[in-house]
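Biologist: I've just opened this one and could use a guided tour. Can you take me through it step by step?

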Amino acid sequence: MAAPGGRAEPPQLADFGCGYTVSRPVYSELAFQQQRERRLQERRTLRDSLARSCSCSRKRAFGVLKALLPILDWLPKYRVKEWLLSDVISGVSTGLVGTLQGMAYALLAAVPVQYGLYSAFFPILTYFVFGTSRHISVGPFPVVSLMVGSVVLSMAPDDHFLVPSGNGSTLNTTTLDTGTRDAARVLIASTLTLLVGIIQLVFGGLQIGFVVRYLADPLVGGFTTAAAFQVLVSQLKIVLNVSTKNYNGILSIIYTLIEIFENVGDTNIADFIAGLLTIVICMAVKELNDRFKHRIPVPIPIEVIVTIIATAISYGANLEKNYNAGIVKSIPSGFLPPVLPSVGLFADMLAASFSIAVVAYAIAVSVGKVYATKHDYVIDGNQEFVAFGISNVFSGFFSCFVATTALSRTAVQESTGGKTQVAGIISAVIVLVAIVALGKLLEPLQKSVLAAVVIANLKGMFMQVCDVPRLWRQNKTDAVIWVFTCTLSIILGLDLGLLAGLLFGLLTVVLRVQFPSWNGLGRVPSTDLYKSITHYKNLEEPEGVKILRFSSPIFYGNVDGFKKCVKSTVGFDAIRVYNKRLKALRRIQKLIKKGQLRATKNGIISDIGSSNNAFEPDEDVEEPEELDIPTKEIEIQVDWNSELPVKVNVPKVPIHSLVLDCGAVSFLDVVGVKSLRMIVKEFQRIDVNVYFALLQGKCLNDVLEKMEQCGFFDDNIRKDRFFLTVHDAILYLQNQVKSREGQDSLLEKITLIQDCKDPLELMKAEMNEEELDVQDEAMRRLAS
């Protein structure tokens, strides 16, 4: 136990009590493939792929049919005795909730409430046949309904439906033609639904359900929280029963809030009290449902209970007449005939429809995956695009607005025992009864009660704010994405905010790839493990070798960063070293030609009788155009780690090899391959060899193939520079060093003898044969 004020002792780690010893040859990739006979991957031509995909058999045709119509897969397996009763109970509960939510969410979509009932009915019919989730409840959702409403209000504002007043005694007065306005808004909403369905069908047909992966959880969390705030503001004016203009676009929510507070003195007390009580009661009972869900067999349908009580009170007290309360008024019974949406409006709503299509799909799939994981089955993302596309296209002809799924309804359907979409069909029957028989009974219901039901269901989305501190502790980038998306969605509106959040999220990915992590590696003593030398102590760096692990693909966007990582790892700039060496060699050449240096068995000797300009300071400016092009006249071998006979500041190169750990390099592009080749060449010029390790699996074939296509390999850069592991490369290099040390060194060293005890004369005719041989050899090198 830790002492008071002291640090708690770290938990003791498990002692595995075992070890292992492996004895095997050192493998390069080329040697391993030759020895183990790597299987060649068959590459199909486009013709072969098309022929295979178009081939048909009875089994394949039935498989395709079941994929397009998932009902053929699960309905024959339906357990009537075990599941039917649970689905009926779940369907009734979900239908009651769905009826109220459909009417409430119609207010968000800016259409009359009866169209919310239609939107809670028709999409279920088609999803039952084409959907792959067994538990989601299909219908309106507040975020999507609000996005639909913003399009509707922008295309059909109240100002477009003002008509001159019929009272001749009053000049310059107008009245709002609500009938024409509502008809226009319903037409816009249904047209938008049709277009969203078409887009979802196209996405499903092209098998691009993966697009939802770019809507990361932090982005969706920030977006839905901002949407909840916008929903709250839009319903607040209904709860207070104050009139405001219909604002859309940038800062629209700010303008709406300002006008609500300016007109708060006109609040209808009856609507405010009814709305406030509804919010408090619904949230309190929902909290009880959550806390005692294991004890309560069926959640209390508080929205239904409150609605029934509120309708009875409104009817009995005649709140519309006595207190000027806003009520639902007319709810026609039955269905309207199918109507062809106005295709001519597509151009005006195309941009918004894309965002609505993706958001609606993302919400449905996210919720569906949660319950699929819980109940151990799989949903097909592409088929979900098809299912919701067909549902929205079908619903668009029946004056509905866009359908997805609602978290609260789905939770009710699952928690009350729903097993399959049979529960969804039962809920549709309940909505059908409400459409046919209950419309007249709900006419006295206050709109503020419906708005309060919407607000009460926003609690879950508002609670996502609590995720921000946790995200900040876990990953600051994700926390910034959440806050950025939420803020921009509130300020710019949901469509532009979603786009801004998506682009910002992609930007963070680009930046993380462009500036990836990298580490210099060292060896854990007496093992084949290599870890970061900045993160761990007591690691051994192999003598004369640097190891770099680069944790990213190498492509055009980060090649400059990769070069900086290489430079930081080795501790010098290979190009600068090469240029400095060229400069030193030129000076040595000039001194030898002038006779101020001469080659003997003991090295280069300076003439005592002549001035030696080699010791002039290195102050001249480098000329890259001369230094970058080596000439054969100055090709001479030098031990660059010894003292040089000229004062040129040549950086020391303490290594002979660089090993690149490519375990995290998943791909290379053309620029990446060219940059790698350039780096290898630059290091070869200063006698440093570059090796590669840990290219794995399919990545290895892709990278090697890309390198071969781009002309990476030649006589000096061979495939045997690639090793299975970093340890293979290190063992190979250590063996090479031992082999060189066992041989006589043939490297010629150029040294300067500054202090000579005996004066040396100029070249004499009576040189001994050995000195002549040494000088002839040196001059041949200079002249070659």
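What follows is a chat about the chain, its cores, its surface and its salt bridges.

Modeller: A quick note before we start: this is a predicted model, where local features need pLDDT of at least 70, side-chain atom pairs count only at pLDDT 80 or more, and totals for chains, interfaces and linings use all residues. Residues are numbered from 1 along each chain as its sequence is written, and side-chain values use heavy atoms, with hydrogens and water left out.

Biologist: How many helices and strands does the chain have?

Modeller: Helices (H or I, at least four residues) and strands (E, at least two) are DSSP runs, numbered from the N terminus. Counted that way, the chain has 30 helices and twelve strands.

Biologist: What percentage of the 784 residues is buried?

Modeller: Buried means under 20% relative accessible area, exposed means over 50%, and partly exposed is in between (1.4 Å probe, protein chains only). By that cut-off, the buried share of the 784 residues is 46%.

Biologist: Which helix gives the most to the largest nonpolar core?

Modeller: A nonpolar core is a set of buried Ala, Val, Leu, Ile, Met, Phe, Trp, Tyr and Cys residues joined through side-chain atoms within 4.5 Å. In soluble globular proteins, nonpolar side chains tend to be buried together. The largest core here has 102 residues, and M103, V111, V144, V148, I356 and L450 have the most contacts inside it. With 16 residues, the top contributor is helix α15 (residues 346-374).

Biologist: Which residues does V148 touch?

Modeller: Contact means heavy atoms within 4.5 Å. Leaving out residues up to four places away in sequence, V148 touches A109, A189, L192, I356, F401 and V402.

Biologist: How many residues are in the second, separate core?

Modeller: Its members include F550, F562, Y578 and V653. The size of this second core is 37 residues.

Biologist: On the outside, which element gives the most to the nonpolar patch?

Modeller: Patches are made of residues with over 30% relative accessible area and no salt bridge; like charges are joined within 9 Å, and nonpolar side chains (Val, Leu, Ile, Met, Phe, Trp, Tyr) within 5 Å. This patch covers about 1,000 Å², and F210, Y214 and I491 are among its residues. The elements giving it two or more residues are α11 (252-262) and α23 (494-514). With four residues, the one that gives the most is α23.

Biologist: Is I491 buried, exposed or partly exposed?

Modeller: I491 is found in helix α22 (residues 476-492). Because its relative accessible area is 33%, I491 counts as partly exposed.

Biologist: How many salt bridges does a search of the whole structure find?

Modeller: A salt bridge is a side-chain nitrogen of Lys or Arg within 4 Å of a carboxyl oxygen of Asp or Glu. One of them joins D73 and K66 at 3.9 Å, while E541 and K546 have their closest N and O atoms 3.2 Å apart. D158, R181, D182 and R185 are linked in a network. The search of the whole structure finds 19.

Biologist: How many residues apart are R581 and D687?

Modeller: Their side chains meet in a salt bridge at 4.0 Å, N to O. R581 sits in helix α25 (residues 574-593), and D687 is in the loop between α27 (670-685) and β11 (689-693), so the pair links distant parts of the chain, separated by 106 residues.

Biologist: Which relative accessible areas do R581 and D687 have?

Modeller: R581 is buried, at 7%. D687, on the other hand, counts as exposed, with a relative accessibility of 57%.

Terms used:
Accessible areas come from the Shrake-Rupley method with a 1.4 Å probe; for residues, only the protein chains shown count as cover.
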